[in-house]
Amino acid sequence: MKKLIAISFFIIYTCTVAAQDNCLPVYNQPVKTIQLSSGKLAYVEKGKGQVILFIHGLGGNLSHWLKAVDGLSLSYKCIAIDLPGYGWSDKQVDTKAKDQLQFYAETISEFLQKKKIRKAILAGHSMGGQTAIITALQNKRVKKLILFAPAGLEIFTEKEGQLLTGATPAAVFEKQDEMAIRNNFKLNFFQQPADAEQLIQDRLRLKTCTDFRLYCENVSAGVKGMLAHPIKDSLQLLKIPVLIAFGTNDGLIPNKYLHPSLKTGELANQSAAIMRNCKVEMIPDAGHLVQFEKSAESNLIIKNFIQ
């Protein structure tokens, strides 16, 4: 009887582990992990030379930067991370009462310290861009900033912030069906590339995972974190070189419902004018997930900026 119970437990455990492994996004690259004070952080690492650390945006994972990692790793050491709560990193997140983006910034600083990276170029997309700015303002290890469709440049009133947080509780993301998920992905592109289907499949599999609720809570907390940590007034404090890149057809930044008259290029140029050393690049026929949709153009812009 004990042997039968042991066998049954093994089968259940094996099936559970297999099911959970199936929930992990597909990167087609070796995934490394590092233990930080907040838990396990996952990342991919490729190439040699100057370090570029890639930070993904809200609801995403490091796969949003893998085309950059592949394209730039011949010249640089490229590291893309899964922020806490996403991808292969631990889903259970304790921010110790900090706003989510401040927590992310401290996580990145700890990562750089533990990896003994003295100088790094931070490349952030959307929420990852705002996180990269916060990190750079607090950490002298950051020597350049690359911001693709960065959040944080747009200013929201208190009422607008309440509307956004009220519309994005964890339950909203939990209840999204396949059609809603596919429609949300379409909003990220001007012309959705065929290989975006893998991103969609990764997201759909999350719905079957035991930690799906934690993922949804982290997305909701990310929205609150972006609103709780505005950085527009701090841009003038950045002394390092900064690159801002947007797709000309970004459908998400600026917010088309709350600020319909504000144009993407206008927002980028207004922000660049505040900084001491900032270059703006607008990539034609590209949406919000510009570095994925137009990877060759994005990689060339990054390389030209770093050189």
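Visitor: In this predicted model, which residues does Leu145 touch, not counting residues up to four places away in sequence?
Guide: This is a predicted model. Leu145 has contacts on both sides of it in sequence, with residues up to four places away left out. They are Leu122, Ala132, Ile133, Ala136, Leu238, Ile240, Pro241, Val242, Leu243 and Phe305.

Visitor: Which residues touch the most other members of the largest nonpolar core?
Guide: That core has 54 residues. Leu145 is one of three that touch the most other members. The three are Ile81, Phe111 and Leu145.

Visitor: Which helix gives the most to this core?
Guide: The top contributor gives seven residues. It spans residues 100–114. The helix is H3.

Visitor: How many residues does the other core have?
Guide: The other core lies apart from the largest one. Its members include Tyr27, Leu66, Tyr76 and Ala245. The count is 26 residues.

Visitor: How many residues of H3 are buried?
Guide: Buried means under 20% relative accessible area. Among the H3 residues that qualify are Gln100, Glu110 and Phe111. H3 is mostly covered, and the buried count is 11 of its 15 residues.

Visitor: What span does H3 reach from its first C-alpha to its last?
Guide: H3 has 15 residues. At 1.5 Å a residue, the expected span is 21 Å. The model comes close to that, at 21 Å.

Visitor: Which side chain reaches the backbone nitrogen of Leu101 at the start of H3?
Guide: The contact is made by a side-chain oxygen. It comes to within 3.0 Å of that nitrogen. The residue is Asp99.

Visitor: Is Ser73 buried or exposed?
Guide: Ser73 sits in the loop between H2 and strand E4 (77–82). Its relative accessible area is 9%. The cut-off for buried is under 20%, so Ser73 is buried.

Visitor: Which backbone oxygens does the side chain of Ser73 reach?
Guide: One lies at 3.0 Å and belongs to Val69. Another lies at 3.4 Å. That second oxygen belongs to Asp70.

Visitor: How many Å apart are Ser73 and Gly47, C-alpha to C-alpha?
Guide: In sequence they are 26 residues apart. Ser73 also touches Gly47, along with Lys46, Lys48, Ala68 and Cys78. The C-alpha distance is 4.4 Å.

Visitor: Why does Leu58 count as partly exposed?
Guide: Leu58 lies in the loop between strand E3 (51–55) and helix H2 (66–72). Partly exposed falls between the 20% and 50% cut-offs. Leu58 counts as partly exposed because its relative accessibility is 31%.

Conventions. Residues are numbered from 1 along each chain as its sequence is written. This is a predicted model: local features need pLDDT of at least 70, side-chain atom pairs count only at pLDDT 80 or more; totals for chains, interfaces and linings use all residues. Side-chain values use heavy atoms; hydrogens and water are left out. Helices (H or I, at least four residues) and strands (E, at least two) are DSSP runs, numbered from the N terminus. Buried means under 20% relative accessible area, exposed over 50%, partly exposed in between (1.4 Å probe, protein chains only). A nonpolar core is a set of buried Ala, Val, Leu, Ile, Met, Phe, Trp, Tyr and Cys residues joined through side-chain atoms within 4.5 Å. Contact means heavy atoms within 4.5 Å. A polar contact is a pair of N or O atoms within 3.5 Å; within protein, one must be able to donate a hydrogen and the other to accept it, and residues adjacent in sequence count only if both atoms are side-chain atoms. The expected span of a helix is 1.5 Å times one less than its number of residues.
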